[in-house]
Amino acid sequence: MRLLLLALPIVTSQPALAQSAAPSAAAVTAATAMVEAISPATAEKAALDQQIASVRRGALIAQLIGNSPQVQAEAQRNQAGVQAMLGRAGAIQADALTPVFTQRQAAVRAASIQAFATQLTIPEMTAISAFYRSAPGTKLRTAQPQIAQQVSQQVQAQFAPQVQAAQQGIVPRIEAEVKTLFPNLIGTPAAAPAATPPAAPPRR
């Protein structure tokens, strides 16, 4: 797919963090209680289940190919067929990603507990836990997803046209740079000049 490389994250090396002493069992216990107060495991699982359900419906596949003129034309002609295809492709993707997402969520939670136990004192973690269990803390925790969504939608609406324009403006230059090393990676075959290549995947 044309300029699919633009959709791939750039992996950069990160500076190594200094090794800290292993936290005490009491610190790990306090950190575990704090993480549960901030983000209950049941809420995290529900969010993950919702994410996987979205993948299973074909949402990620649709984001990747939805701007393709060929896909849009086919959707106008055969909407049911396109939706069925997205569902089948999404199911394949969800089956492959669910174990990885589940393991990643557990790993993030475990790493967070260890990091908090290392960086914060037990009294600090106890105080933070108490706040998140209080009425204001509970309201903050409950409102955070809606706040994040509201901010994301507002910023997306404000900057999406600028991002799209900026990206489209540099596509020829990026293609030229890529072709210096990979001349056959981008573009359609010369024998089929009338074919319209898919548009670049939308920026998230």
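**Calls and cut-offs in a predicted all-helix model**

Author: This model is predicted. Start with methionine 125: outside its neighbours within four places in sequence, it is in contact with Ala27, Ala30, Ala31, Met34, Phe116, Ala117 and Leu120.

Reader: What makes these pairs contacts with methionine 125?

Author: Contact requires heavy atoms within 4.5 Å. Ala27 and Leu120 are among the residues that meet this with methionine 125.

Reader: Which residues make up the largest nonpolar core?

Author: Eight residues: Ala27, Ala30, Ala31, Met34, Val35, Ile113, Ala117 and Met125. Helix H1 (25-38) and helix H5 (79-119) are the elements that give two or more residues to this core. H1 supplies the largest share, five residues.

Reader: Why is that set called a nonpolar core?

Author: The term covers buried residues of listed types, Ala, Val, Ile and Met among them, joined through side-chain atoms within 4.5 Å. The eight residues form such a set, so the name applies.

Reader: Why is arginine 109 called buried?

Author: Its relative accessible area is 16%. Buried means under 20%, so arginine 109 falls on the buried side. Arginine 109 sits in helix H5. Beyond neighbours within four places in sequence, arginine 109 is in contact with Val35, Glu36, Ser39, Pro40, Ala41 and Glu44.

Reader: And valine 163: why does it count as partly exposed?

Author: Valine 163 has 33% relative accessibility. Buried stops under 20% and exposed begins over 50%, so valine 163 lands in between. Valine 163 belongs to helix H7 (residues 135-181).

Reader: What makes valine 163 eligible for a surface patch?

Author: Patch residues need over 30% relative accessible area, and valine 163 has 33%, so it clears that cut-off. With Ile147, Val151, Val155 and Phe159, Val163 makes a nonpolar patch of about 380 Å².

Reader: How many helices and strands does the chain have?

Author: Seven helices and zero strands. Of the 204 residues, 17% count as buried. About 14000 Å² is exposed, with carbon and sulfur atoms supplying 63% of that. Among contacts between residues at least 6 apart in sequence, 84% join residues at least 24 apart.

Reader: Where does the pLDDT stay under 50?

Author: Over residues 1-13, where the model has 23 contacts beyond four places in sequence. Over residues 188-204 the pLDDT is also below 50, and that stretch has 31 contacts beyond near neighbours in sequence. The chain average is 83, and 80% of the residues score at least 70.

Technical notes
Residues are numbered from 1 along each chain as its sequence is written. Side-chain values use heavy atoms; hydrogens and water are left out. pLDDT is the predictor's confidence in each residue, from 0 to 100. Buried means under 20% relative accessible area, exposed over 50%, partly exposed in between (1.4 Å probe, protein chains only). Helices (H or I, at least four residues) and strands (E, at least two) are DSSP runs, numbered from the N terminus. Patches are made of residues with over 30% relative accessible area and no salt bridge: like charges are joined within 9 Å, nonpolar side chains (Val, Leu, Ile, Met, Phe, Trp, Tyr) within 5 Å. Accessible areas come from the Shrake-Rupley method with a 1.4 Å probe; for residues, only the protein chains shown count as cover. A salt bridge is a side-chain nitrogen of Lys or Arg within 4 Å of a carboxyl oxygen of Asp or Glu.
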